[in-house]
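Biologist: I am new to this structure, and I would like a close look at one part of it. Could you take a single strand, with what lies around it, and walk me through it slowly?

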Amino acid sequence: QVQVVESGGGLVQPGGSLRLSCAASGSFFSIEAMAWYRQPPGKQRELVAAIRGGGSTNYADSVKGRFTISRANAKNTVYLQMNSLKPEDTAVYYCNVELLTMTYTGSAYWGQGTQVTVSS
């Protein structure tokens, strides 16, 4: 079994910062990529940022220059540092982990989500 657990959400004022964490645990061969998605109220889930095993990253245009994704490989953990937050960043943020199972099969897992609210 694989577990994906996010933490770090909360309420912050516009212009503030938050750091989200996501840890993957359980039995698997390797992690290929980790990513953050978000789902604003009444909208579809969208990719925010992703990081692959070699360290390459990509970001949604709306967060470039404000958000930074990073990974602690030894801890199977990914972080999302969010600065200069705006009300439109309000959403439930989900962590997605792409990995190879112990039988070398590709699979993806989602966390339960963490709420980020940007409001004065």
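**Strand β9 and its hairpin**

Modeller: Cysteine 95 is buried, with a relative accessible area of 0%, and it makes a good starting point, bearing in mind that this is a predicted model. Cysteine 95 belongs to strand β9, and, leaving aside residues up to four places away in sequence, it touches Val4, Glu6, Cys22, Ala35, Trp36, Val78, Tyr109, Trp110 and Gly111. Alanine 50, which is 45 residues from cysteine 95 in sequence, lies 9.7 Å from it in space when the distance is taken from C-alpha to C-alpha.

From here we can turn to the partner strand. Strands β9 and β10 run antiparallel and are joined by five bridges, and within this pairing asparagine 96 of the one side stands opposite tryptophan 110 in β10. In a regular strand, side chains alternate between the two faces of the sheet.

The two strands form a hairpin with five residues between them, where tyrosine 104 takes a positive phi near 65°. Methionine 102 is also found in the loop between β9, which spans 91–100, and β10, which spans 106–110. Methionine 102 has a relative accessible area of 51%, and because the cut-off for exposed is over 50%, methionine 102 counts as exposed. Together with Phe29 and Tyr104, Met102 forms a nonpolar patch on the surface, and the three have about 370 Å² of accessible area together. The path followed here thus leads from buried cysteine 95 to exposed methionine 102.

Key
Residues numbered from 1 in each chain as written. Predicted model: local features only at pLDDT ≥ 70, side-chain atom pairs only at ≥ 80, totals over all residues. Heavy atoms only, no water. Patch = residues over 30% accessible without salt bridge, like charges linked within 9 Å, V, L, I, M, F, W, Y side chains within 5 Å. Areas by Shrake-Rupley, 256 points an atom, 1.4 Å probe, with all protein chains shown as cover. Salt bridge = Lys/Arg side-chain N within 4 Å of Asp/Glu carboxyl O. Helix = DSSP H or I, 4+ residues; strand = E, 2+ residues; numbered from the N terminus. Buried < 20%, exposed > 50% of the residue type's maximum accessible area, 1.4 Å probe, protein only. Contact = heavy atoms within 4.5 Å. Pairing = 2+ DSSP bridges.
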